[in-house]
Amino acid sequence: REPSLLEVIGLLIGKLDAIRQWQDMYAPDEVTSLLKGEYSFTKAGFSFTDVRSWIPDAWRTKYRIGDTYSYADRNLLALNCQQGTDRLSLVCYYEPENVPSVNVHALAESLKELLSGVVSGRITNVAEAQAIYPGEYETVVHHFSKELSGVPVEKTLPEAWTAQVKEYPHAIAVVYEDISLTYQQLDEQANQLAHCLVESYGLQPSDKVIVQLPRSADMMVVLMGILKAGGSYVPADMTLPAERLQYIIEDSHAKLLITAQSHTSDRIVVTTPAALLAAAAKYTTIAPGIIVSPEMVCYNIYTSGTTGKPKGVEVTHANLANYLQWFVREFSINANDSTLIFSSIAFDLVYTTLWSSLYAGAKMYLLPDAEQWSLETLADAIAGNGITYIKLTPSHLGLMVNHPEFEKIVAG
């Protein structure tokens with residue numbers, strides 16, 4: 001059952017009560033900025049005042065407070081809500097040089113319509129609240145999205161990969177422990193695997209393949225081979241419970257499961273990376289010539305399922321290419337760079353570094369799964385391999401900053 005709007009508001013009130021004790025606290029960096037004479041505005045603020053408590057009971061039939069004023073110096077936009085004896089007032093304060101007045105008026109009208117709908121009973125849940133802004137919904141969902149859809153795709157990942165193979169055939173693409181693959185070697189092995197998937201397993205363009213493999217050079221051959229065959233991959237973490245893997249198998253309608261774990265299923269063909277690569281060795285190293293269009297799905301990643309069943313999200317080649325071409329350009333990634341992969345491919349954050357390195361002709365180092373959470377290993381790998389860029393979670397970054405040799409690691 002979808003929760004009612006009042007139930008959602010009740011949950012928010014509970015959250016606010018829990019954090020209200022911290023409302024007068026300032027973050028250390030803000031205090032430092034104030035002491036240095038620096039100050040920065042936050043974007044928006046909200047305050048609530050119950051003025052009924054200001055009026056004695058005996059006076060309430062004769063007097064009421066008509067208005068109150070406040071000055072919000074920490075916000076570009078502040079919304080002050082005042083609960084009076086016979087009315088609820090909303091007052092917006094804003095900095096006109098930074099917040100257009102037309103936006104403030106639009107916000108005011110939206111809030112007025114929302115509150116009127118709640119009071120009259122027209123709006124009882126979140127879906128109905130969204131429906132009261134048809135013009136705004138049309139603008140955001142259709143007009144803005146239409147403009148964004150025109151972002152040109154310079155090169156899809158397979159196209160960029162082919163270009164890098166031609167330009168840097170003998171450059172190292174992947175390093176895993178004592179195994180190194182050049183761009184040409186990885187390309188040739190991926191071509192063989194693509195032919196094997198198509199001819200031996202009947203893989204068709206847009207078919208899905210579940211990949212449950214530890215980080216290794218073979219893993220990269222498998223991923224590239226699936227993409228070259230026109231398929232899309234569904235990454236599954238090595239620690240995934242059997243019932244969760246079975247759910248993904250049934251929900252994704254995947255055609256093949258490539259796993260290093262012991263798994264049997266009557267719903268999908270199962271193979272191991274060793275068996276697959278051995279079978280692929282007899283095929284030609286020439287590219288299969290399958291056209292991979294930007295609209296085709298590159299990979300399907302599943303959410304954690306913490307709020308229910310995991311949901312599969314399809315990422316197209318256009319989606320990935322738009323992100324990669326922005327990232328490579330914004331951070332000037334090129335063939336002289338090196339990155340480090342230490343997270344599972346089942347987590348979307350890894351794809352910033354995983355695919356950007358091959359997209360730009362850079363070098364990728366893969367840490368073994370057993371060393372995923374070792375801070376010392378991570379620090380040594382960064383310093384020892386000349387890693388020039390890496391993506392870290394805030395928790396990893398916090399640990400890394402406190403590492404005794406952090407400055408040496410960053411300086412390279």
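The following exercises, each with a worked solution, concern a predicted model.

**Exercise 1. The four-stranded sheet**

Determine the order in which the strands of the open sheet are arranged, and identify which strands lie at its edges.

Solution. Begin with the order: the four strands of the open sheet are arranged as β5-β4-β13-β12, with mixed pairing. Next, consider the edges: β5 (179-182) and β12 (338-341) each pair on one side only, and they are the edge strands. From one strand to the next, the twist averages 15 degrees. Then examine one pair of strands in detail. Strand β4 (residues 172-176) and strand β13 (residues 363-366) run parallel and are joined by three bridges. Within this pair, Y176 stands opposite L366 in β13. Finally, add the helix: α7 packs on the sheet and touches β4 and β5, its direction making about 85 degrees with that of β5.

**Exercise 2. A glutamine in helix α7**

Decide whether Q192 is buried or exposed, and state which residues Q192 is in contact with, leaving aside its neighbours within four places in sequence.

Solution. First, locate the residue: Q192 belongs to helix α7, which spans residues 183-201. Second, apply the cut-off: a residue is buried when its relative accessible area is under 20%. Because its relative accessibility is 16%, Q192 counts as buried. Third, list the contacts: apart from neighbours within four places in sequence, Q192 is in contact with A280, A281, Y283, T284 and T285.

**Exercise 3. The two sides of helix α13**

Explain why the buried residues of α13 line one face of the helix, and name the exposed residues on the face turned away from the buried side.

Solution. Start with the buried residues of helix α13 (residues 375-384), which include L378, A379, A381 and I382. Viewed down the helix axis, the buried residues of α13 fall within an arc of 165 degrees, so they line one face. A general principle assists here: an α-helix has 3.6 residues a turn, so residues three or four places apart point the same way. The face turned away from the buried side of α13 carries the exposed residues D380 and G384. After α13 comes G386, with a positive phi near 65 degrees.

**Exercise 4. A threonine in strand β8**

Identify the polar partners of the T259 side chain.

Solution. T259 is placed in strand β8 (residues 256-259). With a relative accessible area of 1%, T259 is buried. Its side chain is joined to that of Q212 by a polar contact of 2.7 Å. In addition, a polar atom of the T259 side chain lies 2.9 Å from the backbone nitrogen of Q261. Leaving aside neighbours within four places in sequence, the residues in contact with T259 are Q212, L213, V270, T271, T272 and P273.

Terms used: Residues numbered from 1 in each chain as written. Predicted model: local features only at pLDDT ≥ 70, side-chain atom pairs only at ≥ 80, totals over all residues. Heavy atoms only, no water. Buried < 20%, exposed > 50% of the residue type's maximum accessible area, 1.4 Å probe, protein only. Contact = heavy atoms within 4.5 Å. Arc of directions from axis to C-beta. Polar contact = N/O pair within 3.5 Å; in protein donor to acceptor, adjacent residues only side chain to side chain. Pairing = 2+ DSSP bridges. Axes fitted to C-alpha atoms, helices over the stretch in contact; angles between N-to-C directions.
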